[in-house]
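A reader who meets a protein structure for the first time may wish for a guided path through it. The explanation below is intended to offer such a path.

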Amino acid sequence: MPQSWNDVEVSEVAEQEKLLTVSNLRTRFRIYEGIVTAVDGIDFEVYRGETLGVVGESGCGKSVTALSILRLLASPPAEIEGAVLFKDTDLLRLSLDELREIRGNAISMIFQEPMTSLNPVLTIGEQISEAIRLHQGLGRQEAWDKAVEMLKLVQIPSPDMRAHEYPHQLSGGMRQRAMIAMALACHPQLLLADEPTTALDVTIQAQIVDLMEHLKEEFEASIVLITHNLGLIAEMAERVLVMYTGKVVEEGRVEDLFEEPLHPYTRGLLESIPWIGKKVKTGRRQLQEIPGIVPSLLEMPEGCRFHPRCTQARDICSKEEPPLVWKNGRRVLCWLWK
């Protein structure tokens, strides 16, 4: 049984260089009510030059996974365990000073809401040039010129003028572009993009997607794309992880997952997508929903965590946690495929 994508002969990505290897990553939060495990022992790999999608409902652990990789969670209350190998360096074992050399330099992150991530009292140019001075050792004027160049690269009009403006003076789309410019200013090898198109209208979303694709090729970067938008995954990603209550329940190439989802939860996500004008044999396709609600992380059900909502649940699903099964070069956490 293969244990990683390197062992899956049918996967073209297996021959590429590993950039990031996450092993048994577990992130807990100690709160008043008890211990919440937001990320529960997940494993995945990112290869050079690829886009890996991470999808799932709100609260499934997508963003916490990205924040855990860069150790951007306050400790306490967060406790992070496992291994996060960036090339051959375990990010979880580095000192904070060593980690700062990597954050914003070799690995950058685009946060979900730029208005809360950008500093409101510094101009856009100051924030971008600060990262450039810190990591590339350029002088103040050189760093400023590079910041203006990055704003031009992300297609912000009048970049010289916008560099002197504050975040509140920019539109939502421009703030997102400025965040991308900051993330790419030091030419990172890995970009963690957390819901990069959230709260943007569809026209701006399309522009941001085109921009990220262009910059990925420009800088030969890898992207971990975190989103609940399956359409965005289909357009940008080569492989995808499906997460549910802190666990990876399915992993595979995007075309395989869309063509034949293996896990009932993945199937439910795909069936909940509106397909305008889509016809099936029984008539017009009805919009489906996944029954029930996501369980509380403080009160996980016994056995498979999805079984209370699963229409294909068996007796064993409520008693024992399902094994990780490899099928046709994909992995799925489900008793149906044992």
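The paragraphs that follow treat salt bridges, helix packing, a covered helix, a proline and some backbone details in turn.

The structure shown is a predicted model. Charged side chains make a convenient starting point. Side chains of opposite charge can pair when their charged atoms come close. How many salt bridges does a search of the whole structure find? The search finds 18.

One of these salt bridges is formed by E79 and R30, whose closest N and O atoms are 2.5 Å apart. This pair links distant parts of the chain, since E79 belongs to strand 4 (residues 78-86) and R30 to strand 1 (residues 18-31), with their positions 49 residues apart in sequence. Both partners are in part accessible: E79 is partly exposed, with a relative accessible area of 27%, and R30 also counts as partly exposed, at 49%.

A further salt bridge joins E57 to R309, and here the closest N and O atoms lie 3.1 Å apart. Again distant parts of the chain are linked, for the two residues are 252 residues apart. E57 is in the loop between strand 3 (51-55) and helix 1 (62-69), while R309 is in the loop between strand 12 (283-284) and strand 13 (324-327). Are these partners buried or exposed, or do they fall in between? E57 is partly exposed, its relative accessible area being 22%, whereas R309 is buried, at 5%. The value for R309 is under the 20% cut-off, and R309 is therefore classed as buried.

The side chains of E165 and R162 also meet in a salt bridge, with a distance of 2.8 Å from N to O. In this pair E165 is buried, with a relative accessible area of 13%, and R162 is buried as well, with 18%. Elsewhere, salt bridges that share partners connect R26, D40, K247, R305 and E321 in one network.

Attention may now pass to the packing of helices. Two packed helices are described by the angle between their axes and the distance between the axes. For helix 7 (residues 172-184) and helix 8 (residues 202-219), the axes come within 11 Å and cross at roughly 10°. Angles under 35 degrees count as roughly parallel, and helix 7 and helix 8 are therefore roughly parallel to each other. Their crossing is right-handed. Which residues make the contact? Helix 7 contributes G173, Q176, R177, I180 and L184, and helix 8 contributes I204, Q207, I208, L211, M212, L215 and F219. Sorted by class, this contact of helix 7 with helix 8 contains 8 nonpolar, 3 polar and 1 charged residues.

Helix 11 (residues 264-271) offers another view of packing, as this helix is mostly covered, with 6 of its 8 residues buried. The buried residues are P264, Y265, T266, G268, L269 and L270. Against what do the buried residues of helix 11 pack? They pack against helix 9 (230-236), strand 9 (239-244), strand 10 (247-253) and helix 10 (254-259).

A single proline may be considered next. P159 is placed in helix 6 (residues 159-162) and is buried, with a relative accessible area of 13%. Apart from its neighbours within four places in sequence, P159 is in contact with V148, L151 and K152. The C-alpha atoms of P159 and A147 are separated by 9.0 Å, and these two residues are 12 residues apart along the chain.

The backbone itself supplies the last details. S75 and P76 are joined by a cis peptide bond, with omega of about -5°. Another cis peptide bond joins P76 and P77, where omega is about 10°. P76 lies in the loop between helix 1 and strand 4, and P77 is found in that loop too. R71 is likewise found in the loop between helix 1 and strand 4. Phi of R71 is near 50°, a positive value in a residue other than glycine, and R71 is partly exposed, with a relative accessible area of 21%. N24, found in strand 1, also has a positive phi, of about 50°, although N24 is not a glycine. N24 is partly exposed, with a relative accessible area of 40%.

Notes. Residues are numbered from 1 along each chain as its sequence is written. This is a predicted model: local features need pLDDT of at least 70, side-chain atom pairs count only at pLDDT 80 or more; totals for chains, interfaces and linings use all residues. Side-chain values use heavy atoms; hydrogens and water are left out. A salt bridge is a side-chain nitrogen of Lys or Arg within 4 Å of a carboxyl oxygen of Asp or Glu. Helices (H or I, at least four residues) and strands (E, at least two) are DSSP runs, numbered from the N terminus. Buried means under 20% relative accessible area, exposed over 50%, partly exposed in between (1.4 Å probe, protein chains only). Axes are lines fitted to C-alpha atoms, for helices over the stretch in contact, and angles run from 0 to 180 degrees between N-to-C directions. Angles under 35 degrees count as roughly parallel, over 145 as roughly antiparallel, 65 to 115 as roughly perpendicular and the rest as oblique. A crossing is left-handed if the near helix is turned anticlockwise from the far one by less than a right angle, and right-handed if clockwise. Contact means heavy atoms within 4.5 Å. Ala, Val, Leu, Ile, Met, Phe, Trp, Tyr, Cys and Pro count as nonpolar, Asp, Glu, Lys and Arg as charged, and the others, Gly among them, as polar.
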